[in-house]
Amino acid sequence: MRKATGILGFLAVLLALAVSCKKSGTDNPEPKPSDNTPTPLQWTKPSYFPDPVYDLSKNPLTVEGVELGKFLFYDGILSRTDNIGCGTCHQQQAAFTHHGHDLSHGVDDKIGTRNAPSVQNMAWNTSFFWDGGVHDMDMVPPVPIQNKVEMDERVSNVIEKLKKTPIAGAAKQVDYPKMFKAAFGSDSITADRMMQALSQFMMTMVSATSRYDYFVRGDASALTAQEKDGLTIFKQKCASCHAGELFTDQKFRNNGLMPNRINDQGRYAITLNADDRLKFKVPSLRNVGLSAPYMHDGRFTTLEQVLDHYANDKPGGKDSIYVSPTLDPLLNAAGQKRGISLTSAEKQSIIAFLKTLNDDDFIKDKRFSDPGVGTSF
Amino acid sequence: MSAWVLAPALLVVSCSFPDEKDDTDPIETGSIQLQFDNIVGDQDLQLDSAKYMNAVGEDFTVNKLNYYISNIKLVRMDGSVFTVPQDSSYFLIREANPESQKLTIRNVLTGDYTGIEFVVGVDSLRSVMEPSEPGRKGILDKDMGPTNEEAMYWDWNPGYIFLKLEGSSDSATTANGRYYYHIGGFGGRTERTLNNLKTIKLTFPGQKAIVTTSIVSKVLIQADIQKVFNGPAQLSIKQSSSLMFSDSSKYVADNYAGMFSVKEIKIN
């Protein structure tokens, strides 16, 4: 006991020193000793997935951290109008995309310029958003929060609002100081912690239980003959870009879409490199059957339209591949018609296969569901 | 100068042990003040109310003017340089906040200084530092304090907005008649891209800034906002009512690199 007191005393002195010598602005106080230490949560990747990109050592998952992240994900308190949460435009039943919305729909019915991408398998993303402007998951949430036509709020103000919870009279009583304390050991609410909690939740949002996954894990009967055909054709004709178990090579490519009315230049806006004009990030195809509409501006509403574009045989016979200096060479092979040659039967098989990437468990998993704080429209 | 900025200097003092300073050749330090004064031509800048005219004959007002000053160095008579410690060398000048325009630099080696160097913007090392690091807190905290409240950071293409100038103009082509200059670009994280970092070198006009343990010199630096429009390039609000992360933003940066001058030095 004496010894323990001695150590505690020594630690107290150390802590006092640490506090007095702290550099400016380190507004993360040392976690205070607490009887409710967060419960570590083991994160395991599906065996056939690559190693995650996100560095879990800097933000180890805990049960309480993930729970906090889930509340933050759905809570409209993140927006200026207090009614738009992440979950408003990233809806679970649509694989965390905005069902029925080609362009993102934000505060005061403002309309953005791009289609809300799916929030799934974020652990493996080397970059985020259609232009890949953000390289770290912890830096993703401020983008929609502070975008004028999405949530139009300042992160600093979100933090102030979170500190003032629970709000008397609110339909769902959420006590964020208490939840931050449970997740991080002290009730200090900081932007770093908020982003970490959101990342923790997003780390858990792994989709790997589609019928395709059962097939990969050895259940040959999980796919029909047509779906297996589709997989074979897919690997020949689509997988050079939609590569690997995440169905994306994570590169930026110009897939021959006609520039839209705002002449969105995609990746170029980030790099200002002319070689990046009209390039957008190759999206994962997991849950693609659930995440219509398609492309960076949601211009296609069905997978048939998507394949008609790539096959360059849209009804009417007009060349649907827009030629520009950055057009992907895979769509512009010398000596043949632009696009990817696909027969009607091949398209049907590919679509049948793509639908096996629908992950019903993922879109119904209660761990990812709105805890009762969300809004949707 | 805000408390954000003052804190590191105080902490350095509180954490140093007296014994360590008990040297045979003691290093003496003092303070120097830098006062930034934003002007338009020969007038003091008035937010919102005053109407000005640029060189191509377009009227404009200024509703918002913010810019970062960082990496400050003081140049001695003999050409040698005192570099302000990195952690005390980031400031966000805001026209709407007079306190932000008064920079007090502590722990400056005593001596006679005849010039100053600083960067407009935030260097690439800080720009790519992890946002959770102490070096990205205080005035550089993208999620809290003035930088967040003034939206001086691009989340979608992470990096600080070095200079933000907004106002109204009858020549603006925007729906609301406003113009927006948001100038940034530290050179790129993974590949080389826009670099609008500008190092400003000024000599003190016929005067020295004396720093002793008791004398505090005050350097009055003027920034002529007229020169944001009228410099090496003559900018037209009609042609570009919104200049942000784009190649042509470099004309704005080249222009504002020439807007600073030292008006006078006062010795207290």
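**Figure 1. The surroundings of Gly76(A), a residue in the loop between α2 and α3 of chain A.** Gly76(A) counts as buried because 20 C-beta neighbours lie inside 10 Å; a residue is called buried if 20 or more other C-beta atoms lie within 10 Å of its own, exposed if 12 or fewer, and partly exposed in between, with C-beta atoms placed from the backbone. The model is predicted, so that local features need pLDDT of at least 70 and side-chain atom pairs count only at pLDDT 80 or more, whereas totals for chains, interfaces and linings use all residues. Residues are numbered from 1 along each chain as its sequence is written, and chains are lettered from A and ligands numbered from 1 in the order in which they are written. Leaving aside residues up to four places away in sequence, Gly76(A) touches Asp82(A), Asn83(A), Ile84(A), Gly85(A) and Thr375(A), where a contact requires the C-beta atoms of two residues, placed from the backbone, to lie within 7 Å. Thr356(A), 280 residues apart from Gly76(A) along the chain, has its C-alpha atom separated from that of Gly76(A) by 33 Å.

**Figure 2. Helix α6 of chain A, residues 176–184, and the helices around it.** Helices are DSSP runs of H or I with at least four residues and strands are runs of E with at least two, both numbered from the N terminus. Seven of the nine residues of α6(A) are buried, and the helix is therefore described as mostly covered. The buried positions are Tyr176(A), Met179(A), Phe180(A), Lys181(A), Ala182(A), Ala183(A) and Phe184(A), and the buried residues of α6(A) pack against α2 (63–74), α5 (155–163) and α7 (191–204) of chain A. Gly185(A), which follows α6(A), has a positive phi near 90°. In the loop between α5 and α6 of chain A lies Pro166(A), which is joined to Thr165(A) by a cis peptide bond with omega about 0°.

**Figure 3. The largest nonpolar core, with 70 residues.** Such a core is a set of buried Ala, Val, Leu, Ile, Met, Phe, Trp, Tyr and Cys residues joined through C-beta atoms within 7 Å. Leu72(A), Leu198(A) and Met202(A) touch the most other members of this core. Two or more residues are given to the core by each of α2, α5, α6, α7, α9, α11 and α12 of chain A, and the largest share, eight residues, comes from α7(A).

**Figure 4. The packing of helix α9 (residues 225–237) of chain A on helix α12 (residues 344–355) of chain A.** The axes of the two helices are 7 Å apart and enclose an angle of about 105°; axes are lines fitted to C-alpha atoms, for helices over the stretch in contact, and angles run from 0 to 180 degrees between N-to-C directions. The helices α9(A) and α12(A) are therefore roughly perpendicular to each other, a description that applies from 65 to 115 degrees, while angles under 35 degrees count as roughly parallel, over 145 as roughly antiparallel and the rest as oblique. From α9(A), the residues Gln226(A), Glu227(A), Asp229(A), Gly230(A), Leu231(A), Ile233(A) and Phe234(A) meet Glu346(A), Ser349(A), Ile350(A), Ala352(A) and Phe353(A) of α12(A). By class, this contact has six nonpolar, three polar and three charged residues, where Ala, Val, Leu, Ile, Met, Phe, Trp, Tyr, Cys and Pro count as nonpolar, Asp, Glu, Lys and Arg as charged, and the others, Gly among them, as polar.

**Figure 5. Backbone details in two loops of chain A.** Ala95(A), in the loop between α3 (86–89) and α4 (142–146) of chain A, has a phi near 55°, a positive value in a residue other than glycine. With 25 C-beta neighbours inside 10 Å, Ala95(A) counts as buried. Asn287(A), in the loop between β2 and α11 of chain A, has a positive phi of about 60° although it is not a glycine, and Asn287(A) is buried, with 25 other C-beta atoms within 10 Å. Pro293(A) is placed in the loop between β2 (280–281) and α11 (303–311) of chain A, and a cis peptide bond with omega about -5° joins Ala292(A) to Pro293(A).
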